[in-house]
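Colleague: I'm new to this one and would like a close look at a single part, the sheet in chain B. Could you walk me through it and then show me how it fits with the rest?

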There are 2 protein chains.
Amino acid sequence: MHYPEPIARLIASYMNLPGIGQKTATRLAFHTIEMKDEVVNEFAKSLLSAKRDLSFCHICGNLTEEDPCAICRDKSRDQSTILVVEEAKDVMALEKVREFRGLYHVLHGVLSPMEGTGPEDINLASLISRLHNETVKEIIIATNATTEGEATAMYLSRLIKPAGIKVTRLAHGLSVGSDIEYADEVTLLKAVEGRREL
Amino acid sequence: MHYPEPIARLIASYMNLPGIGQKTATRLAFHTIEMKDEVVNEFAKSLLSAKRDLSFCHICGNLTEEDPCAICRDKSRDQSTILVVEEAKDVMALEKVREFRGLYHVLHGVLSPMEGTGPEDINLASLISRLHNETVKEIIIATNATTEGEATAMYLSRLIKPAGIKVTRLAHGLSVGSDIEYADEVTLLKAVEGRREL
């Protein structure tokens with residue numbers, strides 16, 4: 001005997017999620033059956049709604065219910081600074097800090113010659129067209145500190161600087177609360193390179 | 001700014017699953033948005049279908065699409081032996097072994113005085129009524145090797161033995177492929193107690 005078909009289908013669906021293998025999927029499926037009807041209905045609705053009701057802002061590429069997104073619509077934000085990130089979730093992580101009050105631009109990827117991702121495959125053209133707006137004075141590049149992220153930062157910097165716009169990069173160094181002993185070598189190197197006078 | 005409402009709802013739904021906290025739920029939610037429409041639709045459908053199309057077999061308490069379940073309907077199985085388990089998933093784990101050819105009974109829980117679970121709170125009455133069937137000759141108790149599982153096994157044994165039915169318990173001992181060095185003390189004790197002549 002195998003699993004009854006509805007539960008086998010649910011296990012297969014859970015296995016489509018990242019980091020969830022057969023055992024975890026089975027555990028989640030059996031747990032789902034024991035959950036209340038309304039909780040499961042809400043789960044199914046939220047899955048469909050997340051796919052249906054969210055789209056990307058045509059200006060910055062951020063995930064949003066309304067186009068343009070709340071950040072692009074907010075005229076009280078600093079219109080002279082654009083912070084460039086790889087993914088929409090990076091915007092939300094930065095917004096939690098409540099420090100940055102400028103605008104964002106989501107690339108939806110990074111340049112990666114190995115995977116054949118070139119400048120035309122990421123959300124770059126719309127960033128360039130935003131720069132023609134005279135109010136933009138600074139571009140902060142916040143791609144991840146990976147090989148691709150660094151390469152993308154370099155590419156963007158060379159593309160944008162000639163237009164007379166200041167290009168900066170988020171600081172790399174030791175995490176707050178971390179132990180120097182356990183920091184990896186590249187992070188330590190960046191921390192030394194980026195040292196500041198007290 | 002917080003997450004757009006559809007994604008916040010999806011994160012909350014993922015957090016209802018066991019072992020999934022805020023960070024994992026957020027990762028899963030963003031991954032969901034990037035999945036194909038049909039995959040997400042199938043996921044939502046399988047959630048609803050698992051809740052709607054599955055019920056418990058009125059004879060053995062197993063999860064099934066049709067009542068009675070495939071095992072109870074299968075007359076080629078050994079009708080004289082009933083294996084008692086705690087949960088429906090235990091039936092599926094045992095069926096994978098393809099060794100046991102008798103019937104099952106799912107208790108949907110164990111006796112637990114600490115949590116106020118008494119004999120009337122688990123699927124016990126229907127097991128007793130099955131014993132009135134003269135073909136039942138052996139009850140194999142396969143509750144888990146926890147305090148509650150052992151207590152339930154003892155309780156069942158005292159309840160059923162007087163009816164002249166053989167009551168057995170699954171063997172406890174070392175896992176196959178495990179190292180004696182790393183086995184816990186109770187398992188080692190059970191392994192010594194349950195030693196067999198070669």
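**The sheet of chain B and its surroundings**

Modeller: Let's start in the middle of things: in chain B, strand β3 (residues 81–85) and strand β5 (residues 138–141) run parallel and are paired over 4 bridges. Keep in mind as we go that this is a predicted model. If you want a spot to zoom in on, try Leu83(B), which stands opposite Ile140(B) in β5(B).

Now the helices that go with it. α5(B) packs on the sheet, where it touches β3 and β4 of chain B, and its direction makes about 155 degrees with that of β4(B). Helix α7 (residues 147–160) of chain B packs on the sheet too, touching β3, β5 and β6 of chain B. The direction of α7(B) makes about 170 degrees with that of β6(B). So β3(B) is touched by α5(B) and by α7(B).

Zoom out a little and you get the whole sheet: it is open, has 4 strands in the order β4-β3-β5-β6 (chain B), and the pairing is parallel. At the edges sit β4 (103–106) and β6 (166–169) of chain B, each of which pairs on one side only. Going from neighbour to neighbour, the strands of this sheet are turned by 25 degrees against each other on average, direction ignored.

Next, hop over to chain A. You'll find an open sheet of 4 strands there as well, in the order β4-β3-β5-β6 (chain A), with parallel pairing. Its edge strands are β4 (103–106) and β6 (166–169) of chain A, and each has a partner on one side only. The twist from one strand to the next averages 25 degrees. Inside this sheet, β3 (residues 81–85) and β5 (residues 138–141) of chain A pair in the parallel sense over 4 bridges. A handy pair to click on here is Val84(A), standing opposite Ile141(A) in β5(A). Helix α5 (residues 88–97) of chain A packs on the sheet and touches β3 and β4 of chain A, with its direction at about 155 degrees to that of β4(A). As for helix α7 (residues 147–160) of chain A, it lies across β3, β5 and β6 of chain A and runs at about 170 degrees to β6(A).

While you're in chain A, look at the salt bridges, of which the structure holds 15 over all chains. One of them joins Asp74(A) to Arg101(A), with the closest N and O atoms 4.0 Å apart. Asp74(A) lies in the loop between α4 (70–73) and β3 of chain A, and Arg101(A) in the loop between α5 and β4 of chain A, so this pair ties together parts that are 27 residues apart in sequence.

Last stop, the place where the chains meet. Here 50 residues of chain B are in contact with 52 residues of chain A. The two chains bury about 4900 Å² between them, 70% of it on carbon and sulfur atoms. There are 4 salt bridges across this interface. In one salt bridge, the side chains of Asp37(B) and Lys51(A) meet at 3.8 Å, N to O. On the chain B side, the elements giving two or more residues are α1 (5–15), α2 (22–34), α3 (37–53) and α5 (88–97) of chain B. The largest share, 15 residues, comes from α3(B). By type, the chain B side divides into 25 nonpolar, 9 polar and 16 charged residues. And that brings us back to where we began: α5(B), which packs on the sheet of chain B, is also among the elements on the side that touches chain A.

Key:
Residues are numbered from 1 along each chain as its sequence is written. Chains are lettered from A and ligands numbered from 1 in the order in which they are written. This is a predicted model: local features need pLDDT of at least 70, side-chain atom pairs count only at pLDDT 80 or more; totals for chains, interfaces and linings use all residues. Side-chain values use heavy atoms; hydrogens and water are left out. Two strands pair if DSSP finds at least two bridges between them. Axes are lines fitted to C-alpha atoms, for helices over the stretch in contact, and angles run from 0 to 180 degrees between N-to-C directions. Contact means heavy atoms within 4.5 Å. Buried area is the accessible area (1.4 Å probe) that two parts lose on being put together, summed over both. Ala, Val, Leu, Ile, Met, Phe, Trp, Tyr, Cys and Pro count as nonpolar, Asp, Glu, Lys and Arg as charged, and the others, Gly among them, as polar.
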